[in-house]
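Work through the exercises below with the sequence and the 3D structure at hand. Try each task before reading its solution.

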Amino acid sequence: MTRLILASQSPARTKLLTEAGIQHDVLVSDVDEDAVQAKYGVTNAHDTALLLARAKAEAVAALPEAEGALVIGCDSVFEFDGESHGKPYTAEVARERMLRMSGSQGVLHTGHWLVDCRDTAADADEEADADETPEGTGATVGAVSSAEVHFAQMSTQDIDAYIATGEPLHCAGSFTIDGLGGAFIRKVDGDPHAVVGLSISTLRDLLVHANVGITELWDAKSQ
């Protein structure tokens, strides 16, 4: 069976894959996001999300544990008023952002990058004792899934209570849709999974480049 590795420590992403019936392992990348952005100087939210997703996927793909697997890396960046917002980390930053976001809308961009770490035909040519036809394609491909998020009016009491839970401090844009923050989201235009942090339909499209159907990754227990 084809093995999929999620290059992310996000509980929301692994929960999403699990609920979609997709078997996977988790291998967390040790990527310094600030250093990656400083190196490439990317300021556009769409491109930054893709750049960081690729950095995470390629870092995990380079590990010996990834040999013979497919690796998917993801990263989310929130675009609001022409600015790129990652995780706020502090209550002060989260509060300033949420006061501005109240009653408004922004776009959540989730970058995806897939690396096929399975043996390719070229690898087999180098191994005289290769007995099986290699399945690997050498694919390394990415895509971004975006969705416009519309927020309800939030009182300062709502914002302070939400920040006190700690949930928004480690989420791109200072909110989640699949947690407590869902109470403040009026609607989403686009793929709702992109707002969670991993678009299942985008993953399906990327798997095509590795000659893998998403149904091949379904957990037999979920069928």
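The exercises go from the whole protein to its pockets, its cavity and two single residues.

This is a predicted model, in which local features need pLDDT of at least 70 and side-chain atom pairs count only at pLDDT 80 or more, while totals for chains, interfaces and linings use all residues. Residues are numbered from 1 along each chain as its sequence is written, and side-chain values use heavy atoms, with hydrogens and water left out.

**Exercise 1. Describe the protein as a whole.**

Step 1. Begin with the secondary structure: the protein has eight helices and seven strands. Helices (H or I, at least four residues) and strands (E, at least two) are DSSP runs, numbered from the N terminus.

Step 2. Compare the radius of gyration with the globule rule. The radius is taken over C-alpha atoms, and the rule is 2.2 Å times the number of residues to the power 0.38. The protein has a radius of gyration of 19 Å, close to the 17 Å given by the rule for 223 residues, so it is as compact as a globular protein of that length.

Step 3. Add the box: along the principal axes, the C-alpha atoms fill roughly 70 × 45 × 25 Å.

Step 4. Look at burial. Of the 223 residues, 46% count as buried; buried means under 20% relative accessible area, exposed over 50%, and partly exposed in between (1.4 Å probe, protein chains only).

**Exercise 2. Describe the two largest pockets.**

Step 1. Fix the terms. On a 1 Å grid over the protein atoms alone, a pocket is an open set of points with protein on both sides within 12 Å along at least five of seven lines, whereas a cavity is a set where a 1.4 Å probe fits but cannot get out; lining residues have an atom within 4 Å of a point. Grid points are joined across faces, edges and corners, and a volume is the space filled by probe spheres set on the points.

Step 2. The largest pocket holds about 700 Å³ of space. Its lining has 30 residues, with Ser 10, Arg 13, Lys 87, His 170 and Cys 171 nearest its centre. Helix H1 (11–19), strand S3 (69–80) and helix H7 (192–196) each give two or more residues to this lining, and H1 gives the most, with four.

Step 3. The second largest pocket has a volume of about 260 Å³. It is lined by 15 residues, and Glu 33, Asp 34, Gln 37, Gly 86 and Lys 87 lie nearest its centre.

Step 4. Sort the linings by class: Ala, Val, Leu, Ile, Met, Phe, Trp, Tyr, Cys and Pro count as nonpolar, Asp, Glu, Lys and Arg as charged, and the others, Gly among them, as polar. The largest pocket has 13 nonpolar, nine polar and eight charged residues in its lining. For the second largest pocket, the division is four nonpolar, seven polar and four charged.

**Exercise 3. Find the cavity and classify its lining.**

Step 1. There is one cavity of 30 Å³ or more.

Step 2. Among the residues that line the largest cavity are Met 98, Phe 151, Tyr 162 and Gly 181.

Step 3. Seven lining residues are nonpolar, one is polar and none is charged.

**Exercise 4. Are Ala 210 and Ser 29 buried or exposed?**

Step 1. Ala 210 lies in the segment after helix H8 (200–208). Its relative accessible area is 0%, so Ala 210 is buried.

Step 2. Beyond four places in sequence, the contacts of Ala 210 (heavy atoms within 4.5 Å) include Leu 70, Leu 114 and Thr 137.

Step 3. Ser 29 sits in the loop between strand S2 (25–26) and H2. At 16% relative accessibility, Ser 29 also counts as buried.
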